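Me: I would like to learn how to read a structure like this one, starting with packing and ending with the ligand. Could you take me through it step by step?

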Amino acid sequence: MAKKKRILVLHGPNLNLLGRRQPEIYGRLTLEQINRKIRALARELGVEVEIRQSNNEGELVGWIQESSGRFGAIVINAAAYTHSSVALRDALVAVGLPAVEVHISNIYKREDFRKRSLIAEAVVGQIAGFGVHSYLLGLRAAVEYL
Ligand code: DQA
């Protein structure tokens with residue numbers, strides 16, 4: 001499939017613990033169950049997704065760098081790095097691919113430190129607060145930018 005029809009989905013730190021991590025905030029679905037829903041929607045929309053998770057900032061930066069020329073768009077839940085990582089923001093700006101920022105929880109309804117996203121200015125837009133649907137809405141949004 002041509003690179004234009006490919007979307008890179010990135011999950012940041014601690015999202016590997018979904019299902020048992022603060023289920024009252026993040027829900028009961030595991031990362032694998034969320035990924036299955038993302039893959040099912042991708043099939044429906046006729047796009048290819050590559051899904052990766054890392055607890056390591058540098059690894060995420062590397063994947064964003066390598067996405068140039070291989071993918072048409074990025075969907076990213078940078079998790080805690082959202083609020084701290086200039087490196088992720090710079091990587092997104094550097095590759096210049098359309099990116100959609102997603103969050104399972106509504107980061108504006110939580111602690112003050114979560115209300116600031118360092119990557120927000122490097123993405124097309126943000127979807128937060130819809131649980132697993134944030135990813136699915138994010139995928140639909142990203143497809144519009146392919
Ligand atoms: C999160 C929100 C972040 O503040 C938090 O650090 C996460 C998950 C979300 O999906 O709601 O790990 O990105």
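Reply: Let us begin with a term: contact means that heavy atoms lie within 4.5 Å. Please keep in mind throughout that this is a predicted model. In that sense of contact, the cover over the buried residues of α4 includes α3 (57–66), β3 (73–77) and β4 (99–103).

Me: Which residues of helix α4 are buried?

Reply: A residue is called buried when its relative accessible area is under 20%, and exposed when that value is over 50%. In α4, which spans residues 86–95, the buried ones are Leu88, Ala91, Leu92 and Val95. They lie on the same side of α4 because they cover an arc of only 100° around the axis. On the other side of the helix, Val93 and Ala94 are exposed.

Me: What is found at the start of α4, and what follows the helix?

Reply: For the ends of a helix, one can look at side-chain to backbone distances and at the backbone angles. At the start of α4, a side-chain oxygen of Ser85 comes to within 3.4 Å of the backbone nitrogen of Ala87, while the helix is followed by Gly96, whose phi is positive, near 70°.

Me: Is Ser105 buried or exposed, and what does its side chain contact?

Reply: Here the cut-off does the work: with a relative accessible area of 8%, Ser105 counts as buried because the limit is under 20%. Ser105 sits in the loop between β4 and β5 (125–128), and its side chain makes a polar contact of 2.9 Å with the side chain of Arg110. Leaving out residues up to four places away in sequence, Ser105 touches Ile25, Tyr26, Arg110, Ala128 and Gly129.

Me: Which residues are around the ligand, and how do they divide by character?

Reply: A shell is read first by its members and then by their chemical classes. The residues around the ligand are Arg21, Tyr26, Asn77, Ala79, Ala80, His83, His103, Ile104, Ser105, Ile107, Arg110 and Arg114; they divide into five nonpolar, four polar and three charged.

Me: Where do polar atoms of the protein approach oxygen atoms of the ligand?

Reply: A polar side-chain atom of His83 lies 2.7 Å from a ligand oxygen, and a backbone N or O atom of Ala80 lies 3.2 Å from an oxygen atom of the ligand. For Ile104, a polar backbone atom is 2.7 Å from an oxygen atom of the ligand. Taken alone, the ligand exposes 330 Å², of which the protein buries 99%.

Notes: Residues are numbered from 1 along each chain as its sequence is written. This is a predicted model: local features need pLDDT of at least 70, side-chain atom pairs count only at pLDDT 80 or more; totals for chains, interfaces and linings use all residues. Side-chain values use heavy atoms; hydrogens and water are left out. A residue is near a molecule or strand if one of its heavy atoms lies within 4 Å of it. A polar contact is a pair of N or O atoms within 3.5 Å; within protein, one must be able to donate a hydrogen and the other to accept it, and residues adjacent in sequence count only if both atoms are side-chain atoms. Accessible areas come from the Shrake-Rupley method with a 1.4 Å probe; for residues, only the protein chains shown count as cover. Ala, Val, Leu, Ile, Met, Phe, Trp, Tyr, Cys and Pro count as nonpolar, Asp, Glu, Lys and Arg as charged, and the others, Gly among them, as polar. Buried means under 20% relative accessible area, exposed over 50%, partly exposed in between (1.4 Å probe, protein chains only). Helices (H or I, at least four residues) and strands (E, at least two) are DSSP runs, numbered from the N terminus. The arc is that of the directions from the helix axis to the C-beta atoms.
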